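Thank you all for coming. Please look at the sequence and the model on the screen for a moment, and then I will talk you through one strand and the cores.

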Amino acid sequence: MASTRVHLNAPEIHLGAVSKTRLTAFWNHLMLGGCYWRLYHHTAGGAGVFLEGQKMELRPEKLYLLPPNCNLRTWSEGAPEQLYIHFEVENISGSRAHLLNAIPLSESGCVAVILKELHDCFSAEECPPAKRKLLGLSLVTAAIAKLPPEAFSEIDCDRRIVDACDYIRSNINKEINLATLSRIAGLSENVFLRDFKSQTGSTPYQYLLHVRYTQAARLLQFGNCTIDEICYAIGVNDRFHFSRTFKRMYGVPPAQYRKHLQEHSACRGS
């Protein structure tokens with residue numbers, strides 16, 4: 001009997017960060033923007049976000065998923081450890097009506113199991129970075145599958161926009177402009193702008209900005225590069241502009257961010 005092969009095209013997931021740190025005052029008054037999803041687990045209370053003017057605490061008995069461009073402001077009054085993952089899902093967008101999605105760990109099955117293994121991996125003296133990334137990928141996949149249908153929406157995956165996003169992620173140290181991206185996509189600039197924002201929820205410039213500064217934050221935490229070397233690595237020519245933009249996005253200047261995370265980070269690799 002001839003066998004029938006079924007090909008399932010799963011959405012591609014791009015991990016931006018899989019890390020763990022201890023929150024202190026630096027997590028006060030940040031604005032959680034950007035074109036990527038955020039997964040958070042806090043080991044204790046004492047920190048959270050403002051949702052519709054209400055102070056919402058991120059509790060240790062729950063895992064939280066925040067959609068892209070959620071624009072929630074943070075607060076911190078304690079010092080819980082935070083496990084966080086930033087990631088993109090190519091054709092899945094969030095909902096403005098579900099900006100803070102809580103998954104009770106007591107009801108989550110495999111999510112709780114994977115989460116514990118990832119925490120254990122960070123606590124181990126030696127844990128290969130590849131294992132952390134694989135566990136992070138498993139965790140975000142399982143967590144998104146737990147969301148109710150109304151918390152996310154599937155969007156048509158336009159390969160031309162995907163190619164432009166791939167180009168941005170692979171060339172952040174280069175000068176990237178609208179003309180280059182629209183040419184890669186094979187679209188006029190006006191149509192490219194419209195379609196890019198429709199699929200990603202942000203403009204090409206905003207997308208590039210968040211990809212660049214996410215990489216800068218990773219280099220500050222885990223690398224030994226100087227500020228000038230980081231500027232060069234992400235394609236920013238003006239150190240003053242870099243520091244000012246980084247502080248606007250992360251709440252503290254780059255040097256202070258590096259000092260805090262290296263003092264409080266629960267891991268030593270990326």
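On strand β3, the side chains of Trp37, Leu39 and His41 point one way while those of Arg38, Tyr40 and His42 point the other way, and all of them are buried. For the first-years among us, I should add that in a regular strand the side chains alternate between the two faces of the sheet. I should also say early on that this is a predicted model.

Why do we say that β3 is largely enclosed by the rest of the structure? Six of the six residues of this strand, which covers residues 37–42, are buried, and so the strand is largely enclosed.

As for its partners, β3 pairs with strand β8, residues 81–89, in the antiparallel sense over six bridges, and within β8 the bridge partner of His42 is Gln82. β3 also pairs with β6, again in the antiparallel sense, over three bridges, and there the bridge partner of Leu39 is Leu65.

Let me turn now to the cores. The largest nonpolar core has 50 residues, and those with the most contacts inside it include Trp27, Leu66 and Phe192. Among the elements that give two or more residues to this core are β4, β6 and α3, but α6 gives the most, with nine residues. Leu66, if we leave aside its neighbours within four places in sequence, is in contact with several residues, including Trp37, Arg38 and Tyr40. Finally, a second, separate core of 27 residues includes Ile92, Leu118, Leu139 and Ala143.

Methods:
Residues numbered from 1 in each chain as written. Predicted model: local features only at pLDDT ≥ 70, side-chain atom pairs only at ≥ 80, totals over all residues. Heavy atoms only, no water. Core = buried A, V, L, I, M, F, W, Y, C linked by side-chain atoms within 4.5 Å. Buried < 20%, exposed > 50% of the residue type's maximum accessible area, 1.4 Å probe, protein only. Helix = DSSP H or I, 4+ residues; strand = E, 2+ residues; numbered from the N terminus. Contact = heavy atoms within 4.5 Å. Pairing = 2+ DSSP bridges.
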